[in-house]
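Here are my notes on the model you asked me to look over. Have it open while you read.

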Amino acid sequence: MKQPTSLLLLLISILSISAQEKSIDTTKINTLKEVVVTGQINPQSVERSVFEVKVISRKDIDLQAGNNLADLLNQQLNINIIPNATTGKSGVQLFGLDARYFKVLIDNIPVINDEGLGNQTDLTQINLDDIERIEIVEGSMGVQYGADAVSGIVNIITKKSAEDNWEIRPYVQEETINDEYGFFDQGRHIQSVSIAHNINKELYANGVFTRNQFTGYSGDKLGENHNLNDGKRGYIWLPKDQFHAKALLNYSSEKINSFYKFEYFDETVSRYDSVVRMNYNPSTQTNNPTVSDEIFHSTRFVHHLNLNGPLAGLLNYDISISYQQQKRDVETYNYRINSEEKFDVASFEYESRKGFYSKGNFTNFIKDPKYGLQLGYEISEINGYASTLSGDYQGDYISRMLGSYDVFTSFEYSPGKRFSIRPGGRALFSSNFNPQLALSLSSKYSFANDLELRTVIGTAPRLPGYDELYTYFVDINHDVRGNENLQPEQGVSLFMHLKKPLKFTEGSLRLQNKLSAWYIDVRDRIELIIVNETPLAYQYRNIDTYRTWGLSYNNSVYYKNLRFNAGISYTGVSKVLNSDENYDDDYLYALQLNSSINYSIPAWKMVWSAYFKYNGPQYQFVQKQDNDNNTIIVRGKQDSYSWLDTSIKKSLLDNKLELTLGARNLLDITRVNTTATNGGAHTEAPSNVLLGYGRSYFLKLLYNLNI
Amino acid sequence: MRKNLYFLFFITGLLLTGCSSDDSNEITQPFVVAFENPSASFTTEEASKTIKLVFSESAPEDGTVFITYTGENAVYGEDFTTDPVSEEGTLNVAITKGSSALSFTINKLQNPMEGESMSLTFNLESVTIENSSLQGNTELAVSFTEAPATGGVIAAEVGGANEPNQVYVDLSSQTQVSAQRDSWDLGFYTGTNNRVILNGSIYMATAALDATDIDAISAADVSELQPAVAVGTFDATNTAYVDSPDGSLEGTALAEITASEDSKVYLLNLGYEVGTETAEAGSVEITGEHRGWKKIRITMSGSDYILQYADLDATEHEEITISKDELTDFTFFSFNTEEIVEVQPEKGKWDLNFTVFTNEIPGYGSYGYADFIVNNLQGGVHAYMVSTEDLSYEDYTIADLDETLFIEDQRGIGSNWRNGGGPGTLPSLKENVFFIVKDGDGNVYKLRFTALLSESNERGNPSFEYHKL
């Protein structure tokens with residue numbers, strides 16, 4: 001049942017209702033300055049920040065109507081979202097480094113997932129409904145954000161205030177998945193309600209409930225009840241059903257600010273095996289096909305209490321205390337397709353992380369505005385669990401506690417308005433690894449002609465993961481082991497940003513240019529290497545080096561109702577693979593372009609926007625066998641591809657109703673050909689990578705009830 | 001008011017899209033009862049035979065199967081009886097709800113006269129269960145004289161995911177005999193050649209030492225050599241330490257046994273015990289504890305083998321004389337029991353052996369294989385593979401047989417009946433191939449594998465069907 005037409009019908013019926021309305025009102029103009037908090041001693045404007053912080057505003061989030069963080073970040077330069085068709089997760093890749101090197105924070109503290117705290121985040125599990133803005137900082141941020149903040153961080157800032165006494169916002173969003181859509185059984189169906197209320201002058205509360213149901217993308221596959229072993233059972237993108245509930249209570253007064261935030265998240269992902277055991281019975285000449293399916297069920301709880309304010313005129317404090325947990329359970333069973341009968345049902349914990357976290361920031365010790373001193377601590381005790389089904393481990397499961405006990409400091413010196421410099425350091429103590437040190441040195445210089453130059457040097461370690469520490473895959477033909485003596489990898493980054501805002505006071509034209517250059521170096525990179533030739537044995541060791549450098553140039557133009565942005569980035573990656581006998585550490589370069597355009601027509605209360613990103617060919621050295629059976633190194637290539645999203649947003653009924661109609665992935669990208677992957681001992685290298693599920697259309701209807 | 005109306009509309013929309021349909025598309029197919037095998041035969045010694053009927057699925061309700069039969073030179077009450085008792089050529093057998101098979105028994109009262117054939121033909125008439133159908137093996141031929149099976153199904157009892165058993169299957173008599181994999185170590189050939197094989201199913205390996213005095217060897221002498229004398233070391237030259245996987249006796253790791261004084265002492269890797277850990281679904285746990293090492297020296301004394309053996313550091317050795325027992329192809333010896341043990345059926349009484357196997361990957365050396373199938377090369381059994389792209393199993397007849405495709409290799413089936421798997425994918429049944437097997441008596445069968453795994457996804461549960469051409 002494929003019916004994108006029903007979505008169209010819904011649209012037409014809604015438009016016909018709205019056509020009867022006539023009232024017109026001017027939209028409020030948001031004149032607030034962009035304020036950022038990420039990495040700051042005190043929240044301050046983007047211009048004043050010593051770090052270069054990229055901001056995705058609520059407006060952008062709404063225009064893209066992305067339903068999770070993955071949709072949104074896909075349009076950013078240097079970021080690639082890598083979906084995993086087997087697990088249903090989507091991880092980030094920034095400067096070619098995967099999700100283990102990247103941290104996701106909500107309100108300044110890392111958010112837990114079933115594989116880590118902050119890092120390894122599945123971006124599809126981060127809901128955007130209560131978000132004020134998103135701040136992205138590239139580069140190693142070990143001093144401010146601790147271990148694993150190697151390639152960068154994203155800090156999600158949630159809403160903590162409302163203009164009206166009551167703000168109630170229900171919305172529905174209907175999306176096609178490629179050309180698959182049905183009111184109930186196909187497509188993406190989102191229903192959400194958010195309620196915000198100013199209880200009194202000082203107390204604010206909000207709650208958000210969102211259900212996001214993704215019925216899976218079948219493509220040429222035929223779903224869970226297909227009963228032939230032709231590889232067509234199941235889905236290309238796994239069906240996923242998510243539920244988010246969030247609540248926040250914020251107290252603001254002159255003396256103290258405080259909020260308590262609660263989040264509950266629940267997700268069910270169904271993995272239907274494509275291998276069908278036909279169980280042909282030659283005697284009766286009948287089949288009784290069976291399969292082995294897995295249903296994953298994840299839950300996340302986050303409690304976050306924050307207190308901040310001045311303390312007796314001596315200093316300012318900002319303390320967060322949090323308890324978080326995310327658990328992924330799995331139900332495994334065998335299934336007789338013909339009789340729709342489950343048997344051998346077993347449920348158990350698949351993977352989890354849970355624990356206590358606290359971070360404190362103490363500032364404003366010195367009253368002289370030239371100086372800023374920051375002292376802080378960040379501690380966490382995270383209990384992790386991994387079942388044997390989640391990896392090849394010795395014994396029944398892995399269970400460990402990782403304690404991190406860090407202190408950090410930074411000092412900002414601004415002798416004049418033009419120049420400021422900020423050195424910083426963090427000592428990282430851990431229950432499992434040797435003490436580590438992270439350092440940073442940032443500076444900002446404003447030239448007379450408004451030109452701003454920022455230089456940011458930072459370091460951050462990356463802690464080894466469970467697979468690297470505890471893998472145990474040993475049988476007669478294999479010997480692959482983790483290494484409990486591994487030490488953290490060491491990331492160092494240098495970023496330089498040159499920024500030039502141009503304001504033409506006469507007209508309404510504004511321009512902004514930014515040129516960035518960077519160099520990132522990850523040493524002691526952990527790789528699986530041959531530790532013994534006879535018998536052949538592999539183990540994880542700290543051995544390799546990863547280097548990347550690049551340039552990006554970004555231009556923004558604001559003219560009347562038009563906002564246009566274009567960026568280009570050129571990145572080179574070099575890998576020193578001491579783990580391999582043969583390697584080539586030449587730099588391989590890749591080009592990315594992105595562009596966005598927003599055009600608003602106030603008279604019609606409409607905003608049109610388009611987002612485009614071009615990902616040029618990506619190269620990687622791969623090993624091949626030549627005709628004489630010698631191992632040679634060749635340059636593999638992943639083809640280029642582009643993302644194009646567009647939407648029209650229209651306000652109706654006194655701005656009560658907001659209607660967004662759009663298309664995501666207009667260029668219909670699903671798979672991209674590649675020769676840039678190494679094959680395994682038993683497997684041929686895959687010839688393509690899965691990146692999307694093709695063009696999809698969406699319709700979002702949001703109702704603003706402000707009392 | 002109007003505002004609230006829209007709000008209401010909105011909430012309704014929310015609820016509407018929040019619902020989801022739960023359509024079911026249960027596939028109804030008829031309940032089928034059939035004879036498990038199309039034929040059965042009595043040996044002279046056998047007095048009764050159990051006939052099994054199988055169902056396509058577990059029985060949805062109680063019922064009855066009506067079977068008729070006709071006899072050739074066979075009279076009820078004189079030559080045979082049945083249990084349950086039958087009347088005038090009909091037999092009724094009860095089906096119990098929830099069961100997946102049933103059986104009845106034929107008792108032979110007397111053997112047929114020499115040279116006379118005596119047989120029964122059973123036919124399925126009807127089943128009382130609603131929506132049932134009779135298809136597949138609806139007819140059963142029972143011979144009271146020994147006759148090769150016309151076909152059938154065999155589920156080799158390999159024993160699940162630890163694959164503990166080596167199963168010897170004889171197609172013509174439709175029988176299987178099994179031995180635990182680690183119940184033997186060395187097999188002494190009973191034919192004219194003087195050759196000794198290793199037990200490759202537990203990944204044994206051996207290397208000749210530059211010594212002829214077994215007592216003079218100590219563990220220190222071999223410690224450097226030991227890591228290489230093993231299976232799966234990914235060293236292309238390690239095939240010298242294991243028997244040639246093609247099954248040729250010339251390729252044994254132990255050199256031809258002679259009476260010579262210069263016969264070498266060998267370092268012997270005893271491989272692994274059968275695994276005991278529970279394997280993950282669809283996977284295997286083949287190996288258990290390592291069984292240690294021995295030093296051995298084998299010489300001939302007349303037509304007897306003399307086996308000297310000892311632990312590596314022992315300064316004295318044990319010695320046993322092993323005579324050639326002509327009934328079997330090999331005489332098997334176990335270091336566990338230090339005795340001769342029974343493993344294989346008698347010569348020519350088996351065609352296929354389901355076993356764990358030490359194979360080789362050219363360029364990478366020896367490599368352990370689960371789910372392997374060996375044809376009895378000593379017994380003159382050969383096999384080759386046919387792709388269903390060329391010809392379907394059903395359409396294949398004796399006219400399609402191409403004798404030149406038979407190769408002198410015990411791996412005629414080998415691991416070709418399954419897909420190998422790899423990271424993220426488990427091995428699975430190959431559904432687009434079948435095999436032609438010719439036994440030592442010249443019977444030719446086509447043979448198709450129907451399972452690698454149990455219904456519950458447990459490895460070590462192979463089954464196949466075959467038909468005599």
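The points below go from chain A as a whole, through a run of its strands, to the domains and one sheet of chain B.

1. First, a caveat: this is a predicted model. Local features are only described where pLDDT is at least 70, and side-chain atom pairs only count at pLDDT 80 or more.

2. Chain A is mostly a strand story, with 40 strands and five helices. Along its principal axes, the C-alpha atoms fill a box of roughly 85 × 65 × 45 Å. The radius of gyration is 26 Å, which agrees with a compact globule, because 707 residues packed that way would come out near 27 Å.

3. What about the inside of chain A? Of its 707 residues, 43% count as buried. If you take the contacts with a separation of 6 or more, 61% of them link residues 24 or more positions apart.

4. Now follow a run of strands in chain A. Strand E12 (residues 166-175) pairs with strand E13 (residues 188-198) of chain A in the antiparallel sense, over ten bridges. To find your place in that pairing, look for A:Val172, whose bridge partner in E13(A) is A:Gln191.

5. E13(A) also pairs with strand E14 (residues 203-214) of chain A, again antiparallel, over eleven bridges. A hairpin of four residues makes the connection from E13(A) to E14(A). Two bridge pairs are handy as landmarks here: A:Ile195 with A:Gly207, and A:Ile190 with A:Asn212.

6. Next along is strand E15 (residues 240-252) of chain A, which pairs with E14(A) in the antiparallel sense over twelve bridges. Within that pairing, A:Thr210 has A:His244 in E15(A) as its bridge partner.

7. Which side chains of E14(A) are buried, and which are not? They alternate along the strand: A:Tyr204, A:Asn206, A:Val208, A:Thr210, A:Asn212 and A:Phe214 point to one face and are buried. Pointing to the other face, and not buried, are A:Leu203, A:Ala205, A:Gly207, A:Phe209, A:Arg211 and A:Gln213. Going back to the bridge landmarks, A:Asn212 is on the buried face, whereas A:Gly207 is on the other one.

8. On to chain B. Its domain assignment gives domain 1 (31-147), domain 2 (154-180 + 347-468) and domain 3 (185-331). Taken over C-alpha atoms, the centres of domain 2 and domain 3 of chain B are 26 Å apart.

9. How many residues are in contact between domain 2 and domain 3 of chain B? There are 31 from domain 2 and 29 from domain 3. On the domain 2 side, strand E25 (352-361) and strand E26 (365-375) of chain B each supply at least two of the residues that touch domain 3. By class, that side of domain 2 of chain B has eleven nonpolar, 14 polar and six charged residues.

10. Chain B also has an open sheet of five strands, in the order E16-E17-E20-E21-E22, with antiparallel pairing. Strand E16 (205-208) and strand E22 (318-322) of chain B are the edge strands, each pairing on one side only. On average, neighbouring strands of this sheet are turned by 25 degrees against each other, ignoring direction. E16(B) pairs with strand E17 (residues 266-269) of chain B over four bridges, and B:Ala207 stands opposite B:Leu267 in E17(B).

11. Last, a single residue. B:Thr278 is in the loop between strand E18 (272-274) and strand E19 (287-290) of chain B. B:Thr278 counts as exposed because there are 12 C-beta neighbours inside 10 Å. C-alpha to C-alpha, B:Thr278 is 28 Å from B:Ser58, and the two are 220 residues apart in sequence.

Notes: Residues are numbered from 1 along each chain as its sequence is written. Chains are lettered from A and ligands numbered from 1 in the order in which they are written. Domain bounds come from an automatic or database domain assignment. Two residues are in contact if their C-beta atoms, placed from the backbone, lie within 7 Å. Ala, Val, Leu, Ile, Met, Phe, Trp, Tyr, Cys and Pro count as nonpolar, Asp, Glu, Lys and Arg as charged, and the others, Gly among them, as polar. The radius of gyration is taken over C-alpha atoms; the globule rule is 2.2 Å times the number of residues to the power 0.38. A residue is buried if 20 or more other C-beta atoms lie within 10 Å of its own, exposed if 12 or fewer, and partly exposed in between; C-beta atoms are placed from the backbone. Two strands pair if DSSP finds at least two bridges between them. Axes are lines fitted to C-alpha atoms, for helices over the stretch in contact, and angles run from 0 to 180 degrees between N-to-C directions.
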